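Hello,

Here is the structure I promised to pass on to you. Have a look at it first, and then read on for what turned up in it.

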Amino acid sequence: MKAGPAPQAAATGAARIVYGLALVILLVLPFVSSTYTQYLVIHMMMLAIYALGFNLLFGYTGLLSFGQAAFYGIGAYVCAGILLRYPSLLAGILGGVAAAAAVALIIGLLSVRHTRIYFTMLTLAFGMLVYSVLWKWRAVTGGDDGLVGIPRAPLDFFGLAVIPVRTVTSFYFFVLAVTLVALFVLHRIVHSPFGLSLQGIRDSEVRSQFVGVHVRKHRLLAFIIAGAYAGLAGALLAPLESAVTPVISHWSHSGDAVLVTLLGGVRAFFGPAIGAVLFVVIRELVVRITEYWQLVMGIIVVVLVLGFRGGMAQAVMDGWQRWVVHGLAQRQPPVPAQVQAPAPVGQAQARVERGEEP
Amino acid sequence: MSFQVLLYQGLVGLSSAMYLWLLSAGLTIVFGVLGVLNFAHGAFFMIGAYLAYTFYGILGFNLAVSIALSLVGTAVIGVLVERFLVKPIMHLDHAFQLLLTFGLVLIFDDLAKAIWGGVFMIPPMPRVFQGAVWILGTPFPIYNLFVIGAGVAVWLLLWLLFEKTWWGRIVRATAADPQMAAALGVDVKRLYTGVFALGVMLAALGGALGTPVRVVAPGMGSFMIVQAFIVTVLGGLGSLTGAFVGALLVGVLSSYGTLLFPTVELALIYLIMAVVLLVRPHGLFGRARA
């Protein structure tokens, strides 16, 4: 699959300005906006963490998982369970992430042996297994009622410092800090030799094997990291909403990770983060007009897949490149906006080229 | 637990396996020939059920006529989807086909909600199918037996179609090597549309057959597609026999599961799927392919 991020050019001056501006806006926002806006932005950040982890699998490794909601759900439920017994936000979040990563290890062991369609279907099925457990195991998970009354416990650094995060604004800053750390770590992962190997696997499994990359181990590790990120997003949800229900682990919520990533674009590192902003904004706007916001999302997905596989952000960037930059300079051929079809070689060869199982 | 109860539950499982089989058959045929995994296949199951409900439950048509009309209606939608949405992205990675059809799931689910509203009542059973047959001292509803018969009949018909007819041979040749088939004068594009329509009609038949016994609701497709995925993964993608055996396995097991250990019923099926895939990575009847 050639849909993943292109080899990253060094962050240009323009990009740095954009990132800096985004950070400034995020820092200033709580002082100039309503609690509801802050609440929405918290959701954007959680969704960004969730989708960025997903894109490590999809965009970078070439594995389409439809089971990410399972890890989101486990992160949320374990965090909720800890907070209900032991009021420490840090313990809850770390516990949620660890549990999600552990389950991702098990499901990953069973799933990454398979690629492509089988992988997608397996992650979907195992994800629904987690959903059915959360739904049926009433004694522990509260069944379809879920867990309620989860406290927004203070941030307790093992007795060294205690920071209360009861208000939405203080929780906002906590989530912002977590998001920045998560983004930084993932950025480092993506640009490490490991991250480059993942992209190598995506582009050609066979060639990666030839140069000595342990494909399955790499995939498993990517799967665990993606699971941990989903778990982190879920763990943040529990104290935010003070309730968790099984719906968050249903496969349609796995679809949200896919939607968000597709909206923002799989080819850029920050694509899913942009997608998260777009997703929440679109949903907020559409539900004001009609209850059928899924219909609108579905149409957007179909249009994106048919015409703009690089995502909305990419489409805007390409349009900018094509019409403004190139228009002002000389008329150079435009940057290709779409994923190209595989070259017309023999089918078997094309299959090997794309790194499929023989 | 008496023998009667176990027997009854087994027959119930068999009949519910048939809906699953019809759905999975379409999924696996379309994948086997076009190489497209259709996420929206469950949505066609739902459309089939809604159309049949509309003709039978609301307009008061004969059940057979209602099912036939629902198949035609669903096929029309399927052909449009194939022509205008699936065809342009067929050459792309499987991931994009899944994404596009996932978008269709969202669209169809909301459209169904908009057109038909919430959950429906189950319309009355046609007179022919009222009553029960006694099997080994156990009363068994005629309609369930009819569904079992219909499922097996479809299996036989599909086998005849693909193995014994001219068209079936062309389809198999195209599935094996589309370029060669095209070179030999097969209109591959048209064939793909035909096969897609066939797959969609099988899904619709599964949905429509359930009209007098199963509740029609938006989102039923999303539930069924996960089951169908399990069935086809179990049986092996692209294998009709695999889909049939997989559907029987899942249908009967979940039927006994609900009776004997209701809390872990679903988990049991996933467990079996995991074990099968560990032992046979391409499913029970699957061959290694992309």
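Where in chain B does Gly236(B) lie? You will find Gly236(B) in the loop between helix 9 and helix 10 (240–260) of chain B. Please keep in mind that this is a predicted model.

Let's stay with that glycine for a moment. Gly236(B) counts as buried because it has 26 C-beta neighbours inside 10 Å, and the cut-off for buried is 20 or more. Leaving out residues up to four places away in sequence, Gly236(B) touches Gly242(B), His282(B), Gly283(B), Leu284(B), Phe285(B) and Gly286(B). Take Gly286(B) from that list: Gly236(B) and Gly286(B) are 50 residues apart in sequence, yet their C-alpha atoms are 3.7 Å apart in space.

A second residue to click on in this chain is Val154(B), which is found in helix 5 (residues 142–164) of chain B. Val154(B) is buried too, with 20 other C-beta atoms within 10 Å. Measure from C-alpha to C-alpha in your viewer and you should get 20 Å between Val154(B) and Val213(B), which are 59 residues apart in sequence.

Next, a helix whose length you can check by hand. Helix 8 of chain B covers residues 188–209, which is 22 residues. At 1.5 Å a residue it should span 32 Å, and its end C-alpha atoms are 31 Å apart, so the two values agree. Helix 8 of chain B is also mostly covered, as 16 of its 22 residues are buried.

Chain B has a hairpin as well. Strand 1 (residues 132–135) and strand 2 (residues 138–141) of chain B pair in the antiparallel sense over four bridges. Across the pair, Val133(B) stands opposite Phe140(B), and Trp134(B) stands opposite Pro139(B). Two residues sit between the strands of this hairpin, and Leu136(B), in the turn, has a positive phi of about 50°. Why point that out? Most residues other than glycine have a negative phi.

Now to where the chains meet. How many residues of chain B are in contact with chain A? There are 40 of them, and they are in contact with 41 residues of chain A. Helix 4 (94–116), helix 9 (220–235) and helix 11 (265–279) of chain B each supply at least two residues of the side that touches chain A. Helix 4 of chain B gives the most to that side, with 16 residues. By type, the residues of the side of chain B that touches chain A divide into 30 nonpolar, six polar and four charged.

Over to chain A. Its secondary structure comes to 15 helices and four strands. Of the 358 residues of chain A, 49% count as buried. Among contacts in chain A with a separation of 6 or more, 76% are between residues 24 or more positions apart.

One helix pair in chain A is worth a look. Helix 7 (residues 168–190) and helix 10 (residues 215–241) of chain A pack at an angle of about 180°, with their axes 12 Å apart. The two helices are therefore roughly antiparallel to each other, since angles over 145 degrees count that way. On the side of helix 7 of chain A, the contact is made by Phe171(A), Val175(A), Val178(A), Ala182(A) and Ile189(A). Helix 10 of chain A brings Ile225(A), Tyr229(A), Leu232(A), Leu236(A) and Leu240(A) to the contact. The residues of this contact divide into ten nonpolar, no polar and no charged.

After helix 10 of chain A comes Ser242(A), in the loop between helix 10 and strand 4 (243–244) of chain A. Ser242(A) is a residue other than glycine with a positive phi, near 60°. With 15 other C-beta atoms within 10 Å, Ser242(A) is partly exposed.

Finally, try Leu198(A), which lies in helix 8 (residues 193–203) of chain A. Is Leu198(A) buried or exposed? Leu198(A) is buried, with 29 other C-beta atoms within 10 Å. Apart from its neighbours within four places in sequence, Leu198(A) is in contact with Tyr60(A), Thr61(A), His218(A) and Ala222(A). The C-alpha atoms of Leu198(A) and Phe210(A), twelve residues apart along the chain, are separated by 14 Å.

Happy exploring!

Conventions: Residues numbered from 1 in each chain as written. Chains lettered and ligands numbered in written order. Predicted model: local features only at pLDDT ≥ 70, side-chain atom pairs only at ≥ 80, totals over all residues. Expected span 1.5 Å × (residues − 1). Buried ≥ 20, exposed ≤ 12 C-beta atoms within 10 Å, placed from the backbone. Contact = placed C-beta atoms within 7 Å. Nonpolar A, V, L, I, M, F, W, Y, C, P; charged D, E, K, R; others polar. Axes fitted to C-alpha atoms, helices over the stretch in contact; angles between N-to-C directions. Parallel < 35°, antiparallel > 145°, perpendicular 65-115°, else oblique. Pairing = 2+ DSSP bridges.
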